[in-house]
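Open the model in your viewer and keep the sequence panel beside it. Each stop names what to select and then says what is there.

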Amino acid sequence: MKFSKSALLTFAVAASASPTKRQSPGACPSPVRLDASTNVFRQYTLHPNSFYREEVELAVQQISDPSLAAKAAKVADIGTFLWLDTIKNIERLEPALQDVPCDHIFGLVVYDLPGRDCAAKASNGELKVGELNRYKTEFIDKIAEILKRYPNTAFAIVIEPDSLPNLVTNIDQTSCQQSASGYREGVAYALRQLNLPNVVMYLDAGHGGWLGWDSNLKPGAEELAKVYKNAGSPSQLRGIATNVAGWNAWDLTPGEFSRASDAQWNSCQNEKLYVEKFGAALRSAGMPNHAIIDTGRNGVQGLREEWGNWCNVNGAGFGIRPSANTGAELADAFVWVKPGGESDGTSDSSAVRYDSFCGKPDAFKPSPEAGQWHQAYFEMLVRNANPAL
Ligand code: BGC
């Protein structure tokens, strides 16, 4: 972080009087207190963050077709989450907090557990199994410090996509067995440290094609609830995030895979059903059960050969815009969590993080490393957006 000398002096003076609080211009005049027993998305609009805005603006400059460029430019104004996926990338947060108006909520994903992405390769992270202490002190604590310095800004946080769901369904894999205790303790630590008045938290719960199988609903809910309770049942946890970086439709009936031979074993053929049924299981397990649903890239259905295909699905389009009008009691909001245009994983089969899912016939190729900007994919999402841009 860069401070000029005089800024440092002011900082020191302020710090001796009271803990340094910063405020973005236009932020609320007083501390935000979010009531996680209510749907805060009724009160706040998901903030279109400046990091994604810059990615989109650069992308627009590369589009020569003026009508496509005009549509693409609109994406910059749509609320999208910011991913903190490495210790280094925490530096993306503070600059992005400088333009958050009082009626906006800033969406943040924390994603850096040791042994990350244990059942796949594309998003394997920087921290190795066993580096839980670094996760706590260099990642979660640093993020918590920033959130405390911006008490007048509201935050919605998605906690560690895929982590606990992997422990439910992929625990037969050695890598997930090795990651398990670090995931449980790391998620509980994040829930405790980020349990701040200006924050609501949603714990990742996979999607209907994952924990929605009849035999996964109860163990899935119990896995999440156990971690929630180990974290001291934090008041600011509102429930779950579903379909993060996923492709499932909200309420398509019958669901996309409802004619598959194994469909009889899954009663959550769309995310609406999943939110209801997994929500009921969470309630029995004793955990708050409201949900936000990632609709960022689910505009086009019928593209995947199999439900489990997750990598850069070819033919996809931007989906339903962020909104608190979901029509379902347990569903707080449709949100864009995965920033459309950032890759899910590389299609380069010689890369260390190459995952065979990114080489499947229904995956877009070529594709860069996970998280990298993927211009051709972004343009496709714009073209195929539903509703249209
Ligand atoms: C990647 C992250 C990235 C995130 C959002 C994940 O698949 O592993 O690096 O930040 O997607 O694009």
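The tour of this predicted model goes from two annotated residues to a helix and then to some aromatic rings.

**Stop 1: the annotated pair**

Select Asp117 and Asp162. UniProt lists both under "active site", in an unreviewed entry. They are spread over 46 residues of sequence, yet they cluster in space, with a largest C-alpha distance of 7.0 Å.

Go to Asp117. This residue sits in the loop between strand 3 (104-110) and helix 5. Is Asp117 buried or exposed? Its relative accessible area is 8%, under the 20% cut-off, so Asp117 is buried. Now show its contacts, leaving aside neighbours within four places in sequence. You will find Tyr111, Ala122, Ser123, Asn124, Asp162 and Tyr183.

Move to Asp162, in the loop between strand 4 and helix 6. At 22% relative accessibility, Asp162 is partly exposed. Not counting residues up to four places away in sequence, Asp162 touches Asp117, Asp204 and Trp210.

Tyr111, one of the contacts of Asp117, has a charged companion. Select Arg116: this residue lies over the face of Tyr111, 4.2 Å from the ring centre.

**Stop 2: helix 7**

Tyr183, also in contact with Asp117, is one of the buried residues of helix 7. Select residues 174-193 to see the whole helix. At 1.5 Å a residue, these 20 residues should span 28 Å. The end C-alpha atoms are 29 Å apart, which agrees.

Where does helix 7 bend? Look at Ala180, where the bend is about 40°.

Ala180 is itself buried. Other buried residues of helix 7 include Cys176, Gly186 and Leu191. Now show what covers them. The cover includes helix 5 (132-149), helix 6 (163-169) and helix 8 (214-230). Strand 4 (154-159), strand 5 (199-204) and strand 6 (237-242) are also among the covering elements.

**Stop 3: aromatic rings**

The model has 14 aromatic pairs. Select Phe318 and Trp336, a stacked pair: 4.8 Å centre to centre, with 5° between the planes. The pair links distant parts of the chain, 18 residues apart. Phe318 is in the loop between strand 7 (290-294) and strand 8 (331-335). Trp336 is in the loop between strand 8 and helix 10 (375-383).

Phe318 is buried at 0% relative accessible area. Trp336 is buried at 0% too.

Add Tyr52, Trp373 and Phe378 to the selection. With Phe318 and Trp336, they form one aromatic cluster.

Finish at Phe357. Lys360 lies over the face of this ring, 4.5 Å from its centre.

Technical notes: Residues are numbered from 1 along each chain as its sequence is written. This is a predicted model: local features need pLDDT of at least 70, side-chain atom pairs count only at pLDDT 80 or more; totals for chains, interfaces and linings use all residues. Side-chain values use heavy atoms; hydrogens and water are left out. Helices (H or I, at least four residues) and strands (E, at least two) are DSSP runs, numbered from the N terminus. The expected span of a helix is 1.5 Å times one less than its number of residues. The bend at a residue is the angle between axes fitted to the seven residues ending there and the seven starting there. Buried means under 20% relative accessible area, exposed over 50%, partly exposed in between (1.4 Å probe, protein chains only). Contact means heavy atoms within 4.5 Å. Rings of Phe, Tyr and Trp (its six-membered ring) pair if their centres lie within 6.5 Å; planes under 30 degrees apart count as stacked, over 60 as edge-to-face and the rest as tilted. A charge sits over a ring if NZ of Lys or CZ of Arg is within 6 Å of the ring centre and within 35 degrees of the ring normal. UniProt positions are given in the numbering used here, feature names are shortened, and annotations may be inferred rather than shown by experiment.
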